[in-house]
Amino acid sequence: MKRYLIIILIGLGFVGASYAQVKTNQTTEEAMSIGLKGGLNVPRMLYFNNEALSQLPQAFTLTPMGGLFFDIPMGNLFVLSPEFVYLKRGTDISYEHFSGAKVHYLMSVHYVDFRLPIEIRWPIKPYFQPYLMLGAEGGVRLGGQIHIDRTAPIVLDQTIDVGDANMSLIHAGAFAGVGIRSRIGLGSRHILLKLSASAHQGLLDNYGAAEKEGSVPAVNVNAYQVTGWRLSQGLEVCLGIAIPLEKRVEDACSTFANDRYRRHGKGRHLFGY
């Protein structure tokens, strides 16, 4: 638990420091925003240096995800958008063993990630700003389950809890994607909508150390071996909604643009009301 708190405190400290650095250079129109995001993730595994496992088909599985994000403009082109996200990682494999048994192997593991994407945007219009994003992510495993189902000649139906024995505690990876930002006025404030799609690649072997060392038997059924590396992958589609932490203030130019000050009467004097 202490490790989780340290990771969260470091992330919040980084967000606060970034905001303090850019706040003096931002107008309220481009102030820092905070919001919620949600979407779908398609998890799978990449079996590195294990050709047999790499050839097994993995099902297209949709899992929900969501989290909290900050939106910190860094000028006209760049946006820093740190976030905390809950999601599932794993794989879903079905195949026929050479013995004739039909095997189904399902791994579903819960994670909390801290992510740091940098967005490069094209501000065509306030309501239409396409962007590219690149970033790094680090996560902590919370728990999960592995289910194995095998038919005759050797019948097996087993579910086990995921722990240090069969899944590493820490995840680290990188990601890239595309999206569209839309800033919409709402009274004295505005809301920010962000729609994105991204591909994620784990960079750390996530096999459990105990299985690697052989101190705990690997639960494999020929769909799970501790040779080589096992790296998590994912495809994500998310929608985020955020509000600024400061109210939008109109300046003199925007006031004239809104035609609040109009010319009246023969002398064409200016009246503000």
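**Notebook: salt bridges, rings and odd corners**

**Entry 1: a pair to start with.** I began with Lys 194 and Glu 119, whose side chains meet in a salt bridge, with N and O 2.6 Å apart. Lys 194 sits in strand β9 (residues 189-202) and Glu 119 in strand β5, so this pair ties together parts that are 75 residues apart in sequence. I then asked myself: is Lys 194 buried or exposed? Its relative accessibility is 7%, so Lys 194 counts as buried. Glu 119 has 2% relative accessibility, so Glu 119 is buried too, given that the cut-off is under 20%. A reminder to myself: this is a predicted model, so every value here is computed from that prediction.

**Entry 2: a network.** Next I followed salt bridges that share partners. Which residues do they join into one network? I noted Lys 37, Glu 83, Arg 89, Asp 113, Arg 115, Glu 137 and Glu 236. For background, I jotted down that side chains of opposite charge can pair when their charged atoms come close.

**Entry 3: Glu 119 again.** I went back to Glu 119 and found that its side chain also meets that of Arg 181 in a salt bridge, 3.1 Å from N to O. Arg 181 belongs to strand β8 (residues 170-186) and Glu 119 to strand β5, so here the pair ties together parts 62 residues apart in sequence. Arg 181 and Glu 119 are both buried. My little picture of Glu 119 now has Lys 194 as one partner and Arg 181 as another.

**Entry 4: Arg 115 and Glu 83.** I picked these two out of the network from Entry 2, which includes both. How far apart are the closest N and O atoms of their salt bridge? The answer is 3.9 Å. This pair links distant parts of the chain, with Arg 115 in strand β5 and Glu 83 in strand β4, 32 residues apart. Arg 115 is buried, and Glu 83 is buried as well. I also looked up the total for the structure, which is 12 salt bridges.

**Entry 5: a charged residue without a bridge.** Then I turned to Arg 150, found in strand β6 (residues 129-150). Arg 150 is buried but has no salt bridge. Which side chain of opposite charge is nearest to Arg 150? It is that of Asp 149, 8.1 Å away. A salt bridge needs the nitrogen within 4 Å of a carboxyl oxygen, so Asp 149 at 8.1 Å does not qualify. What the side chain of Arg 150 does reach is the backbone oxygen of Ile 154, at 2.8 Å.

**Entry 6: aromatic rings.** How many aromatic pairs are there? I found a count of 2. One of them is Phe 48 with Trp 229, a tilted pair with 6.0 Å from centre to centre and 45° between the planes. Phe 48 is in strand β1 (residues 33-48) and Trp 229 in strand β10 (residues 229-244), so the pair links distant parts of the chain, 181 residues apart. Phe 48 has 40% relative accessibility and therefore counts as partly exposed. Trp 229, at 42%, also counts as partly exposed. Another pair is Phe 84 with Phe 114: the ring centres are 5.1 Å apart and the planes stand at 45°, so this pair is tilted. Phe 84 lies in strand β4 (residues 83-96) and Phe 114 in strand β5 (residues 102-121), so parts 30 residues apart in sequence are tied together. Phe 84 and Phe 114 are both buried.

**Entry 7: backbone oddities.** I checked the backbone too. A cis peptide bond joins Ala 152 and Pro 153, with omega at about 20°. Where is Pro 153? I found Pro 153 in the loop between β6 and β7 (156-161). Asn 49 has a positive phi of about 65°, although Asn 49 is not a glycine. Asn 49 is in the loop between β1 and α2 (51-54). Its relative accessibility is 63%, so Asn 49 counts as exposed.

**Entry 8: stepping back.** Last, I looked at the whole protein chain. I noted 4 helices and 12 strands. The chain has 273 residues, and 40% of them count as buried. Of the contacts between residues at least 6 apart in sequence, 71% join residues at least 24 apart. The accessible surface comes to about 14,900 Å², and 65% of that belongs to carbon and sulfur atoms.

Notes:
Residues numbered from 1 in each chain as written. Predicted model: local features only at pLDDT ≥ 70, side-chain atom pairs only at ≥ 80, totals over all residues. Heavy atoms only, no water. Helix = DSSP H or I, 4+ residues; strand = E, 2+ residues; numbered from the N terminus. Buried < 20%, exposed > 50% of the residue type's maximum accessible area, 1.4 Å probe, protein only. Contact = heavy atoms within 4.5 Å. Areas by Shrake-Rupley, 256 points an atom, 1.4 Å probe, with all protein chains shown as cover. Lys, Arg positive; Asp, Glu negative; His and termini not counted. Polar contact = N/O pair within 3.5 Å; in protein donor to acceptor, adjacent residues only side chain to side chain. Phe/Tyr/Trp six-rings, centres within 6.5 Å; stacked < 30°, edge-to-face > 60°.
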